[in-house]
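Have your viewer open and your selection tool ready? Let's walk through this model together, one stop at a time.

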Amino acid sequence: MTKVHLWARDEVKEGEKRTGLTPEVCKALLQSGNFTISIEKSSTRCFSDEEYSSVGCTLVPTGTWQTAPSDAYIFGLKELPDSDEPLTHTHVFFGHCFKEQKGWKELLNRFKKGGGCLLDMEFLVDEHGRRVAAFGRPAGVGGAAVGLALWCHRQIHGDSVAHPPFVPYKSEEDMLQQLSVLLKQAKEKAGRDPTFMVIGAKGRCGGGVLHVLHKLGLKATEWDMAETAQGGPFKEVLEHDVFLNTIYLTSKISPFITLESINQKADRRLRVVVDVSCDVSNPFNPIPICSVNTTLNHPTLTVPTSSGPLLEVISIDHLPTLVPVESSVSFSSQLLPSLLELPSYGPVWQRARTLFNQKAALVE
């Protein structure tokens with residue numbers, strides 16, 4: 001059996017520190033005898049270059065994946081550098097293009113022109129259609145952190161001081177300690193705990209949100225498909241301080257909130273919306289008050305309301321990077337069994353290739 005060559009590229013997205021290939025997972029792959037692994041050097045990845053070389057990976061210069069051998073699988077997480085150059089390799093990353101998001105045709109055209117292929121991480125699924133690896137729980141953890149932090153910031157500093165950039169935490173424990181201090185200060189100002197509402201509470205992402213809130217002694221109104229079946233917008237969302245959207249969007253649904261519904265409620269309590277799902281460019285976006293992603297450096301977007309208190313949205317599309325080590329370890333461990341099947345091109349990879357072919361056929 002010919003060895004599979006994995007080439008892990010350095011991430012170019014600002015603030016991204018995660019990886020889908022931890023040193024421990026690389027060690028397991030190499031010990032199988034069916035892989036060679038090249039790791040691009042990185043000054044931002046949450047694991048050091050030396051941790052990879054010590055388990056037998058080959059370190060290569062940053063940003064050189066375009067020159068990798070033609071049979072190498074180019075492995076990443078977030079988007080590629082901006083370009084219109086044809087893509088000749090097989091890539092494994094979150095392409096965000098199979099649900100007709102912004103730029104989907106341009107990305108798929110790059111693959112078609114170069115003869116390459118996208119095995120999209122979001123659509124690596126088992127025989128039941130369930131994802132074999134996901135960042136859902138740490139996305140929820142990060143979403144709870146930023147939502148609470150913004151509410152606390154407003155209680156402590158008022159509406160005129162912009163929230164500072166978010167910086168990844170050393171660990172989840174470090175995150176909880178910092179949030180606990182913030183919450184104590186904010187409660188002294190507000191005289192109460194913040195109230196939370198989570199839609200998608202039964203999923204992995206919603207579970208991450210609830211995990212953080214429970215650790216901090218906070219409660220949430222928990223909604224899922226049963227509660228939203230009648231269709232929105234929902235006045236209940238407006239009755240909480242912080243609303244977190246954590247659903248996995250697969251089809252058209254009614255919006256959870258709209259600018260009109262917000263402006264119609266004179267006694268609105270809602271101050272913070274965290275769109276963890278980040279379907280901002282999806283035509284079925286259930287949070288239509290936001291159509292762009294915010295970033296770690298510029299985390300908030302002010303909603304142009306005509307009444308009520310300041311309302312801000314956070315729509316950072318890589319929240320798991322706030323706890324990069326834990327999220328990387330979890331994701332890569334979930335993915336390992338499927339990676340071990342890559343040399344024989346197991347069913348997970350066959351399904352991903354078939355889906356790519358179907359989506360690419362939609363692009364002229």
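**Stop 1: a buried acid and its partner**

Start by selecting Asp 241, which counts as buried because its relative accessibility is 1%. Keep in mind as you look around that this is a predicted model.

Which side chain does Asp 241 meet in a salt bridge? Add Arg 192 to your selection: the N to O distance between the two side chains is 2.7 Å. Asp 241 sits in the loop between helix 7 (225-228) and strand 9 (242-245), while Arg 192 sits in the loop between helix 5 (172-190) and strand 7 (196-199), so this pair ties together parts that are 49 residues apart in sequence. Unlike the buried Asp 241, Arg 192 counts as partly exposed, because its relative accessibility is 31%.

**Stop 2: other charged pairs**

Side chains of opposite charge can pair when their charged atoms come close. The model has 14 salt bridges, and a few of them make good next selections.

- Select Asp 193 and Lys 187: their side chains form a salt bridge at 3.0 Å, N to O. Asp 193 is partly exposed at 31% relative accessibility, and Lys 187 is partly exposed at 34%.
- Select Glu 16 and Arg 18: here the closest N and O atoms of the salt bridge are 2.8 Å apart. Glu 16 and Arg 18 are both buried.
- Select Lys 13, Glu 79 and Asp 317 together: salt bridges link them in a network.

**Stop 3: the open sheet**

Now switch to a cartoon view. Strands of a sheet pair through backbone hydrogen bonds, either parallel or antiparallel. In what order do the six strands of the open sheet run? Trace them as 3-2-1-4-5-6, and you will find that the pairing is parallel. Strand 3 (58-60) and strand 6 are at the edges with a single partner strand each, so one side of each has no neighbour in the sheet.

Colour strand 2 next. Five of its six residues are buried, so strand 2 is largely enclosed by the rest of the structure. Five bridges join strand 2 to strand 1, running parallel; His 5 has Thr 36 in strand 2 as its bridge partner. Three bridges join strand 2 to strand 3, again running parallel, and Glu 40 has Val 60 in strand 3 as its bridge partner.

While you are there, pick Ile 39, which is in strand 2. Is Ile 39 buried or exposed? With a relative accessible area of 1%, Ile 39 is buried. Beyond residues up to four places away in sequence, Ile 39 touches Ala 8, Cys 26, Arg 45, Tyr 52, Cys 57, Thr 58, Leu 59 and Val 60. Try the distance tool on the C-alpha atoms of Ile 39 and Val 60: they are 5.9 Å apart, although their positions lie 21 residues apart along the chain.

**Stop 4: the nonpolar cores**

In soluble globular proteins, nonpolar side chains tend to be buried together. The largest nonpolar core here has 55 residues, and those with the most contacts inside it are Leu 6, Leu 21, Leu 29, Met 121 and Leu 335. Elements giving two or more residues to this core include strand 1 (4-8), helix 1 (23-31), strand 2 (35-40) and helix 9 (324-339). Helix 10 gives the most, with six residues.

Zoom in on Met 121. Leaving aside neighbours within four places in sequence, its contacts include Phe 75, Val 92, Phe 94, Ala 133, Phe 331 and Leu 335. Apart from this core lies another, of 39 residues, among them Ala 145, Leu 210, Val 274 and Ile 314.

**Stop 5: a bent helix**

Show helix 9 on its own. Where does helix 9 bend? Look at Ser 333, where the bend is about 25 degrees, with a proline, Pro 337, following within four residues. The buried residues of helix 9 include Phe 331, Leu 335 and Leu 339. Bring back the surroundings, and the elements covering its buried residues include helix 1, strand 2, strand 4, helix 4 (136-157) and helix 10.

**Stop 6: a threonine in a loop**

Finish at Thr 294, in the loop between strand 10 (272-275) and strand 11 (301-302). Thr 294 counts as buried, at 6% relative accessibility. A polar atom of its side chain lies 2.9 Å from the backbone nitrogen of Ser 315, and the side chain of Thr 294 also reaches the backbone nitrogen of Ile 316 at 3.4 Å.

Definitions and conventions: Residues are numbered from 1 along each chain as its sequence is written. This is a predicted model: local features need pLDDT of at least 70, side-chain atom pairs count only at pLDDT 80 or more; totals for chains, interfaces and linings use all residues. Side-chain values use heavy atoms; hydrogens and water are left out. A salt bridge is a side-chain nitrogen of Lys or Arg within 4 Å of a carboxyl oxygen of Asp or Glu. Buried means under 20% relative accessible area, exposed over 50%, partly exposed in between (1.4 Å probe, protein chains only). A polar contact is a pair of N or O atoms within 3.5 Å; within protein, one must be able to donate a hydrogen and the other to accept it, and residues adjacent in sequence count only if both atoms are side-chain atoms. A nonpolar core is a set of buried Ala, Val, Leu, Ile, Met, Phe, Trp, Tyr and Cys residues joined through side-chain atoms within 4.5 Å. Contact means heavy atoms within 4.5 Å. Two strands pair if DSSP finds at least two bridges between them. The bend at a residue is the angle between axes fitted to the seven residues ending there and the seven starting there.
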